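Trainee: Please take me closely through a single part of this model, the buried interior, and show how it connects to the elements around it. I would like the reasoning set out step by step.

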Amino acid sequence: MQRSTTATAPRRRRAASRGTIGLLLLALPGVIWFLVFAYGPMAGLVVAFKDFNVSDGIFGSPWNGLQNFVYFFSSGDAPRIVVNTILLNALFLAASMAAGLLLALMLNEIKGHVTRRFGQSVIFFPYFVSPIVISIILQAILAGVGGRGGMLNDFLNVFDLPQPNWYTTPGAWPWILTIVKVWQLGGYTSVIFLAAITSIPEEVYEAAALDGASRARMARSITTPLLLPTLGILIVLGVGRIFFGDFATIYAIVGDNGTLFPTTDVIDTYVFRSLRTVGDFGTTAAIGLFQSLVGFVFVTAAVLVQRRIDKEGSIL
Amino acid sequence: MSVEARIDTLSDLGVEMVLDEIRPKAAKAPRRRPDAFQATSYVVITIFSLFCLIPLWMIVAGSFTDESELAAQGYSFWPAPFSLAAYQMLFTGTGLLNGYLASLFITVVGTALSLTCTASLAWVIARRLPGISRPLTIFAYIPMLFTGGLVPLYLLVTQVLQLSNSWFSVILPIMLAPFLIFVAVSFFRQLPEEILDSARIDGAGELRVFFQIVLPLSKPILAVLGLFYAVTYWNEWFMALLFISDPDKFPLQLILQNLISNVTNAASLPGASAAQAAAPVYQLRFAMTVLTIAPILFAYPFAQRYFVKGLTLGASKG
């Protein structure tokens, strides 16, 4: 007995190792990519503690302790961009969730398979429109040709309403960006909710119909409660990402328009601008590290909460 | 343990849905009379669809409208007076061609690299090899929680790898999406073990099993992943903004962005001559926008179902 195991074990191990080498070869390109492009930058974060200059390089530049962090937090920009980041993301999250949920409930009422499919395709499309294109559309709507006033102001003109110059009105931008987000993500979110609706057993609706429930009643008292776990997970994940602004969309739209910074400048846009204009790598890396650390806390908390919901949720 | 558990939940939720159409059940529930909520739904969905489409249509209409009319009357739903000036300009210059070339290279080469690396790494993780798969899972998972941020990446690409002005500076930093790797893992774990075992008994090596059995069986998921990567590459402009400064190498999105920032200067379009500097700026911008989204617009009707499926897969992780 003992002998037979010792006899077969090496053979099996040899066979396994031969296959394993092939598998390791398969994994190699991905592993190298992660080491260079995911873990490399993490190591590069030492720049945050250095007085970086290009000629000495990342590891040769002199240390300067927490100087970069002190500089950032005493610059007075920190509260503004942190508040903006959290506020804007919270607004985006709430609006796109509400729109997605509502659209899913309503798409679900569309009878014909083809019609519903078509509607779903149409409202999903904006998700694939790049931030730059969104920015161009927005300028057409809000500024128009040569600043003559865009479509929106033409429309307001009909009703004799005030026609502000939108690109110099910071107060309006959290809402404008939120509408952009609903345009961009409303359909996308509704597809996720529709998928969850698919898994609701049909009998529930049949029973409700027998009891004389209206469609609105079914949507409110059956579908919506059953979608709550999905909603919970999406919100938790959104909150987990709350420290990472959607850089691309905001920067593509606002760009370097300083008038709008008070309400639209988020951590990512701030980091990018300081990198480009000031070229202060140390401070910029320090802000990035601060963002990553706080973001890490949020994401980890979100993952833990999500696993809780996952266990309890009956739908997902 | 925790990470594995998370991935298992993902696969539970995901893969049947990938294979299933999204077919809302409630719509099939018995119904006796037209319902107020139903009517409202039709109205709201129609309005929201228009809300999604009209901005895009305005761009298309604007790209065919004479610039002087745009300046005098603003935008209209129908291009009048009709003008092809902007398109003529774009098609005679070399800028557009270069832009398409750059975007195509980034998208095609990038998607090929992304797919290859994603699928092979995902398969090794999905194989549950003792001592290998679990560490790899964690290895690929950590970057979803913590990132080095912009500055170290910038230094890496420009100083260490010296990739400035190469299209690979756009491809490489976004080449692998950990999330999509785990989507692939969850799909691979659903493949019928018997087929793989019978191949192994017939003496097929691990590589052969992967290339000749796993990949052909995984075409649906490869299509989903490929489409997601392709759209990401096509729409990517931030990496190009950071790393590409040679106008001849600008991808389309970056050319477009330059058209926005230099509002009054159409000469910023690479390949534009001095004579074209007095060109129809806004019309040109719209035409360029139309040409940039055109490929997505044409591919969308065919690819849309895959996107919906892929999204459903990722539903719980967003």
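Mentor: Buried residues account for 46% of the 318 residues in chain B, and since this is a predicted model, everything that follows describes computed geometry. Chain B contains 15 helices and 0 strands, so that the interior has to be read in terms of helices. Of the contacts in chain B between residues at least 6 apart in sequence, 73% join residues at least 24 apart.

The interior itself is best approached through the largest nonpolar core, which has 169 residues. The residues with the most contacts inside this core are V47(A), A122(B), W123(B), I181(B), A184(B) and A240(B), a list that names residues of both chain A and chain B. The element that gives the most to the core is helix α8 (residues 173-198) of chain A, with 14 residues. As a background tendency, nonpolar side chains in soluble globular proteins tend to be buried together.

I181(B) gives a local view of that core. Leaving aside residues up to four places away in sequence, I181(B) touches T118(B), L121(B), A122(B), A140(B) and L176(B); of these, A122(B) is itself among the residues with the most contacts inside the core.

L26(A) offers a view from the other chain. This residue sits in helix α1 of chain A, and it counts as buried because 23 C-beta neighbours lie inside 10 Å, where the cut-off is 20 or more. With residues up to four places away in sequence again set aside, L26(A) touches S120(B), W123(B), V124(B) and F210(B), and W123(B) also appears among the residues with the most contacts inside the core.

Those contacts of L26(A) lead to the contact between the two chains, which takes 93 residues from chain A and 90 residues from chain B. On the side of chain A that touches chain B, helix α1 (residues 2-44) gives the most, with 16 residues. By class, that side of chain A has 58 nonpolar, 26 polar and 9 charged residues.

Helix α6 (residues 131-142) of chain A shows burial along an entire element. Its 12 residues reach 16 Å from the first C-alpha to the last, close to the 16 Å expected at 1.5 Å a residue. Because 11 of the 12 residues of α6(A) are buried, this helix is largely enclosed by the rest of the structure; the buried ones include P131(A), I132(A), I136(A), A140(A) and L142(A), as well as the polar residues S135(A) and Q139(A). In an α-helix, residues three or four places apart point the same way, because there are 3.6 residues a turn. After α6(A) comes G144(A), whose phi is positive, near 80 degrees.

The domain assignment adds a further frame. Chain A is given domain 1 (2-49) and domain 2 (67-312), with C-alpha centres 39 Å apart. Chain B is divided into domain 1 (34-83) and domain 2 (88-313), whose C-alpha centres lie 31 Å apart. The contact between these two domains of chain B takes 8 residues from domain 1 and 7 residues from domain 2. On the domain 1 side, α2 (36-63) and α3 (67-73) of chain B each supply at least two residues, with α2(B) giving the most, 4 residues. The residues of that side divide into 3 nonpolar, 4 polar and 1 charged.

Conventions
Residues numbered from 1 in each chain as written. Chains lettered and ligands numbered in written order. Predicted model: local features only at pLDDT ≥ 70, side-chain atom pairs only at ≥ 80, totals over all residues. Core = buried A, V, L, I, M, F, W, Y, C linked by C-beta atoms within 7 Å. Domains from an automatic or database assignment. Expected span 1.5 Å × (residues − 1).
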